[in-house]
Amino acid sequence: AAPPPQPLLDCCGEVRLRTWLAECEQHASTLVARASELATAHGELTQAVEAQAQRGLSGAGSQGGEGPAVLEEEDIDPAGIYESDPRLRAGRAHLDTCASALAALEQHFSRVQALVDEQGA
């Protein structure tokens with residue numbers, strides 16, 4: 001028969017687990033800050049693109065004669081803006097990746113915190 005599983009604290013030691021927990025907290029904080037920066041940059045870039053699109057729409061209507069086709073506001077698809085620029089697509093993908101990594105880190109942090117708390121009690 002297999003020996004009973006040992007608690008994580010017995011396998012790794014409290015000092016090592018607390019050090020690892022501190023590292024996880026630091027990395028999680030760094031990721032949260034980076035995700036916040038990326039979200040802010042994404043919002044600013046989206047606003048700039050939408051403002052440029054609006055300027056382009058208002059300028060297109062002022063041309064007389066046989067100018068380019070005029071787009072109406074309802075013809076603009078904000079989600080399509082990401083598809084039109086590879087930098088926006090890459091930025092959005094990176095932001096999504098960071099959000100997924102952050103969620104995974106938060107789950108791992110919660111599990112480790114619970115294990116450390118269990119062992120300390």
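The following exchange concerns a predicted model of a protein and its helices, salt bridges, core and cysteines.

Colleague: What is the mean pLDDT of the protein?

Modeller: The model is predicted, and 76% of the residues reach a pLDDT of 70 or more. Over residues 61-69 the pLDDT is below 50, and beyond near neighbours in sequence this stretch has two contacts in the model. For the protein, the mean pLDDT is 77.

Colleague: Which pattern does the secondary structure follow along the sequence?

Modeller: The secondary structure comprises four helices and zero strands. Among the helices are α2, which covers residues 14-61, and α4, which covers residues 86-120. Read along the sequence, the pattern is α-α-α-α.

Colleague: How many salt bridges does a search of the whole structure find?

Modeller: One salt bridge joins Arg 18 and Glu 14, and another joins Glu 37 and Arg 34. Asp 96 also forms a salt bridge with Arg 92. Side chains of opposite charge can pair when their charged atoms come close. The number of salt bridges found in the whole structure is three.

Colleague: How far apart are the closest N and O atoms of Arg 18 and Glu 14?

Modeller: Arg 18 and Glu 14 both lie in helix α2, four residues apart, about one turn of the helix. Arg 18 counts as partly exposed because its relative accessibility is 40%, and Glu 14 counts as partly exposed at 42%. The closest N and O atoms of this salt bridge are apart by 2.9 Å.

Colleague: Why are Glu 37 and Arg 34 separated by about one helical turn?

Modeller: Glu 37 forms a salt bridge with Arg 34, with 3.1 Å between the closest N and O atoms. Glu 37 is partly exposed at 47% relative accessibility, and Arg 34 is partly exposed with a relative accessible area of 39%. The separation is about one helical turn because, in helix α2, Glu 37 and Arg 34 are three residues apart.

Colleague: Which helix holds both Asp 96 and Arg 92?

Modeller: The closest N and O atoms of the salt bridge between Asp 96 and Arg 92 are 3.6 Å apart. Asp 96 is partly exposed, with a relative accessible area of 38%, and Arg 92 is partly exposed, with 31%. The two residues are four residues apart, about one turn, and both lie in helix α4.

Colleague: Which residues make up the largest nonpolar core?

Modeller: Helices α2 and α4 each supply at least two residues of this core. Leu 21 touches Phe 109, Val 112 and Gln 113, leaving aside residues up to four places away in sequence. The largest nonpolar core has five residues in all: Leu 9, Leu 17, Leu 21, Val 112 and Val 116.

Colleague: What percentage of the residues count as buried?

Modeller: The protein exposes about 8800 Å², of which carbon and sulfur atoms supply 56%. Among contacts between residues at least 6 apart in sequence, 69% join residues at least 24 apart. Of the 121 residues, the share that counts as buried is 15%.

Colleague: Is Cys 24 buried or exposed, and how many disulfides does the structure hold?

Modeller: Cys 24 counts as buried because its relative accessibility is 13%, which is under 20%. Cys 98 is also buried, with a relative accessible area of 10%. A disulfide is a covalent bond between the sulfur atoms of two cysteines. Cys 24 is thus buried, and the number of disulfides in the structure is zero.

Methods:
Residues numbered from 1 in each chain as written. Predicted model: local features only at pLDDT ≥ 70, side-chain atom pairs only at ≥ 80, totals over all residues. Heavy atoms only, no water. Salt bridge = Lys/Arg side-chain N within 4 Å of Asp/Glu carboxyl O. Buried < 20%, exposed > 50% of the residue type's maximum accessible area, 1.4 Å probe, protein only. pLDDT = per-residue confidence, 0-100. Contact = heavy atoms within 4.5 Å. Core = buried A, V, L, I, M, F, W, Y, C linked by side-chain atoms within 4.5 Å. Areas by Shrake-Rupley, 256 points an atom, 1.4 Å probe, with all protein chains shown as cover. Disulfide = S-S within 2.5 Å.
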